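Colleague: I have a few questions about one strand and its surroundings. Could you take me through them?

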Amino acid sequence: MCWSSPARPSGGSYCARTGDDVNIDAAIVGIGTSAFGRGLTESQLALAAQAFKSALADAGLERIDVDGLSVHLGWPLGPDYDRIAEAFGLEIRYVNQAWLHGRFVTSALQHAMLAVSAGLADVVACVTAVSFTRERGFLGGPGDVEGNREEGGTHGEAPPYGLTAPAGGAAIAMQRYMHLYGATSAQLAAVPIAMRNHACRNPRAIMQEPLTLTAHQAARMVVDPLRLFDCCLISDGAAVVLVARTARARDLRQKPVRVIGMQGTRSGRDEFIFAPRSLGINQQSARRSADRQIDFEVFAQAGLSRKDVQGFYTYDASSPLVLFALERFGYCAAGEAAAWVQGGRIELGGALPVNTSGGLLSEAHVAGWNSICEMVRQLRGTAGASQIANAAVLQWGTAWGDSVMLAA
């Protein structure tokens, strides 16, 4: 599938790769998590060990079978790949590791998928183990080395202007969005309320008390217009996802969850990690353009349309990111998401359930991997009270444009 692009200086065209010309031979074969909580006494490495053992048991594999590691968050929030290999007694022939950026969740998973597809490893363990409560000094303030970089930090911080809160970038983007489209805080509340309703069905979730609109609106302001419940949990936990080629997957304990499409992170002058493209934040222009087909490669690659997707999962570090991700992938038009999510539309039983285990806002902040594990449970049909009926195709997609499509 190709289309012309006047934005290209060469006057050339973009070509979206479809399922016929892309060979992703990968499936998720095992998942495991530690307990989730606040102030857990176990180290990040100990939490990772719990999740790793659980994932091996889930897949019916032994540690000797794992020969690849894709580590999303290494030091200081989590353990580095070499420490994991040493502590777990692994013999590794492929490694990928990101650093202190939650945004790399998708690329960590994609690296694992590409590695097994290319034969660089037989089974890759995607490992994320974090203790946000133990390492809280890294999250805003003078101890946040990444956030205080001159060019801005992990969440779009701008220290020269006093913007050091992790939620600051998303807050400014939401201010601009409200100004342009008339969205309100009460409309935004539909996101954390939906996540809390999902968490209340999930015994693994930290937050178990229902959230009302009144409680949301009465909560303290963190960074205007984001109130307390618009911001993700500060918590501890670990998750491990095992990836193998489909031929290997068929011989293992669980029904494999197939990877049928994906696309990468978007970046450039009109991109800001926590804002829609061309919203007018930071270096962005303020000229929001029409949808670009290049941003919907994941659908073309999977050979599907949005109507085929039965659930949407995203990195909900703050409530606005859910709105921005829904618009990014065309589920609603620019400026429409705040109204679109009303009336239970993103809850179980709605048109497009989002983050059915509670996400970062209400289940736990395991950098999005808790939601990826939930997608696997959904496609296996083992999600219990959170189950989407006859779930067959689910999308993971972020506000910064990367995505993976999974199928039963």
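Colleague: Which residue in β5 is the bridge partner of L69?

Modeller: Keep in mind that this is a predicted model. L69 belongs to strand β4, residues 68-71. That strand runs parallel to β5, residues 94-97, and 4 bridges join the two. Within β5, L69 is bridged to V95.

Colleague: And which helix makes a β-α-β unit with β4 and β5?

Modeller: The two strands are parallel. Together with a helix spanning residues 81-88, they form a right-handed unit, and that helix is α2.

Colleague: Which residue in β6 stands opposite V71?

Modeller: Strand β6 covers residues 123-131 and runs parallel to β4. The two are joined by 4 bridges. Opposite V71, the residue in β6 is V127.

Colleague: Are the faces of β4 buried or exposed?

Modeller: In a regular strand, side chains alternate between the two faces of the sheet. For β4, G68 and S70 lie on one side, with L69 and V71 on the other. Buried here means under 20% relative accessible area. Each of these four residues meets that mark, so both faces are covered and the answer is buried.

Colleague: Stepping back, what percentage of the residues in the protein chain is buried?

Modeller: The chain has 13 helices and 13 strands. Among its contacts between residues at least 6 apart in sequence, 73% join residues at least 24 apart. The chain exposes about 16,000 Å², with carbon and sulfur atoms supplying 50% of that area. Of its 408 residues, the buried share is 58%.

Terms used: Residues are numbered from 1 along each chain as its sequence is written. This is a predicted model: local features need pLDDT of at least 70, side-chain atom pairs count only at pLDDT 80 or more; totals for chains, interfaces and linings use all residues. Side-chain values use heavy atoms; hydrogens and water are left out. Buried means under 20% relative accessible area, exposed over 50%, partly exposed in between (1.4 Å probe, protein chains only). Contact means heavy atoms within 4.5 Å. Accessible areas come from the Shrake-Rupley method with a 1.4 Å probe; for residues, only the protein chains shown count as cover. Two strands pair if DSSP finds at least two bridges between them. A crossover is right-handed if, with the strands pointing away from the viewer, the path from the first strand over the helix to the second runs clockwise.
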